[in-house]
Amino acid sequence: QVQLVESGGGLVQPGGSLRLSCAASGFTLRNYAIGWFRQAPGKEREGVSCFSSNTGRTYYADSVKGRFTISRDNAKNTVYLQMNSLKPEDTAVYYCATDLGSSCPVRPNYWGQGTQVTVSS
């Protein structure tokens with residue numbers, strides 16, 4: 001069964017850093033594209049980053065480009081999101097998700113449970 005489990009969220013001060021993890025099971029992560037999404041209170045869910053397995057390309061939303069980095073550890077079947085220079089507007093529940101395709105998912109059908117990131121002083 002396809003399963004995604006996020007971890008690593010928490011409370012961090014503005015300007016701080018946090019690394020999120022997404023452990024995949026039921027499929028081999030290296031063969032599929034996977035993305036990170038987030039949903040802030042009162043806002044729609046938005047894509048923040050993804051990793052394309054067929055090209056090796058990465059994608060970042062303009063709002064996080066230069067601050068966030070997506071990476072993958074094939075041995076651990078885990079994808080990460082390193083978040084630096086965090087801002088209060090980064091506060092959201094972060095999800096990893098896939099559609100088991102090779103391109104970055106637009107409407108994923110497999111989601112993790114989410115992990116809360118709160119950026120506040």
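Start with strands E4 and E9: 5 bridges join them, and they run antiparallel. Keep in mind that this is a predicted model. Residues are numbered from 1 along the chain as its sequence is written.

**Stop 1: Strand E4 and its partners**

Select residues 34-39, which make up strand E4. Is this strand open or enclosed? It is largely enclosed by the rest of the structure, because 5 of its 6 residues are buried. Now find Phe37 in E4 and look across to E9. Phe37 stands opposite Tyr95 there.

Next, add strand E5, residues 46-51. E4 and E5 also pair in the antiparallel sense, over 5 bridges. Pick Gly35 and look across again: Cys50 in E5 stands opposite. Then follow the chain from E4 into E5. The two strands form a hairpin, with 6 residues between them. Click on Gly42 in the turn, where phi is positive, at about 75°.

**Stop 2: Lys43 in the loop**

Stay in the loop between E4 and E5, and select Lys43. Buried or partly exposed? Lys43 counts as partly exposed, because its relative accessibility is 45% and the buried class ends at 20%. Now draw a distance from Lys43 to Tyr80. C-alpha to C-alpha, the two are 23 Å apart in space, and they are 37 residues apart in sequence.

**Stop 3: The aromatic rings**

Show the aromatic side chains. How many aromatic pairs does the structure hold? It holds 3. A pair of rings is described by the distance of the centres and the angle of the planes.

Select Phe37 and Trp111. These rings form a tilted pair, 5.1 Å centre to centre, with 55° between the planes. Phe37 lies in E4 and Trp111 in strand E10 (residues 110-111), so the pair ties together parts that are 74 residues apart in sequence. Phe37 is buried, with a relative accessible area of 9%. Trp111 counts as partly exposed, at 31% relative accessibility.

Keep Trp111 and add Tyr95. This pair is edge-to-face: 6.0 Å centre to centre, 85° between the planes. Tyr95 sits in strand E9 (residues 92-98) and Trp111 in E10, 16 residues apart, and the pair links these distant parts of the chain. Tyr95 is buried too, with a relative accessible area of 16%.

Now show the three residues together. Ring pairs link Phe37, Tyr95 and Trp111 into a cluster.

**Stop 4: A cavity**

Rolling a probe the size of a water molecule over the atoms shows where empty space is left. How many cavities of 30 Å³ or more are there? The count comes to 1. The largest cavity has a volume of about 40 Å³.

To find it, select the residues that line it: Arg38, Gln39, Ala40, Lys43, Glu44, Glu46, Glu89, Asp90, Thr91 and Ala92. Lys43, from Stop 2, is on that list. Colour the lining by residue type. You should get 2 nonpolar, 2 polar and 6 charged residues.

**Stop 5: The open sheet**

Move to another group of strands. Select E1, E3, E8 and E7, in that order: they make an open sheet of 4 strands with antiparallel pairing. Which strands are at the edges? They are E1 (3-7) and E7 (68-73), and each pairs on one side only. The twist averages 15° from one strand to the next.

Zoom in on E1 and its neighbour E3, residues 18-25. The two run antiparallel, joined by 5 bridges. Val5 stands opposite Ala23 in E3. In a regular strand the side chains alternate between the two faces of the sheet.

Also in E1, select Leu4. It is buried, with a relative accessible area of 5%. Draw a distance to Gly56, 52 residues away along the chain: the C-alpha atoms are separated by 20 Å.

**Stop 6: Two loop residues with positive phi**

Find Ser85 in the loop between strand E8 (78-83) and E9. Ser85 is not a glycine, although its phi is positive, at about 50°. Ser85 counts as partly exposed, at 41% relative accessibility.

Finish at Leu100, in the loop between E9 and E10. Leu100 has a positive phi of about 60°, and it is not a glycine. With a relative accessible area of 28%, Leu100 is partly exposed.

Definitions and conventions: This is a predicted model: local features need pLDDT of at least 70, side-chain atom pairs count only at pLDDT 80 or more; totals for chains, interfaces and linings use all residues. Side-chain values use heavy atoms; hydrogens and water are left out. Two strands pair if DSSP finds at least two bridges between them. Axes are lines fitted to C-alpha atoms, for helices over the stretch in contact, and angles run from 0 to 180 degrees between N-to-C directions. On a 1 Å grid over the protein atoms alone, a cavity is a set of points where a 1.4 Å probe fits but cannot get out, and a pocket is an open set with protein on both sides within 12 Å along at least five of seven lines; lining residues have an atom within 4 Å of a point. Grid points are joined across faces, edges and corners, and a volume is the space filled by probe spheres set on the points. Ala, Val, Leu, Ile, Met, Phe, Trp, Tyr, Cys and Pro count as nonpolar, Asp, Glu, Lys and Arg as charged, and the others, Gly among them, as polar. Rings of Phe, Tyr and Trp (its six-membered ring) pair if their centres lie within 6.5 Å; planes under 30 degrees apart count as stacked, over 60 as edge-to-face and the rest as tilted. Buried means under 20% relative accessible area, exposed over 50%, partly exposed in between (1.4 Å probe, protein chains only).
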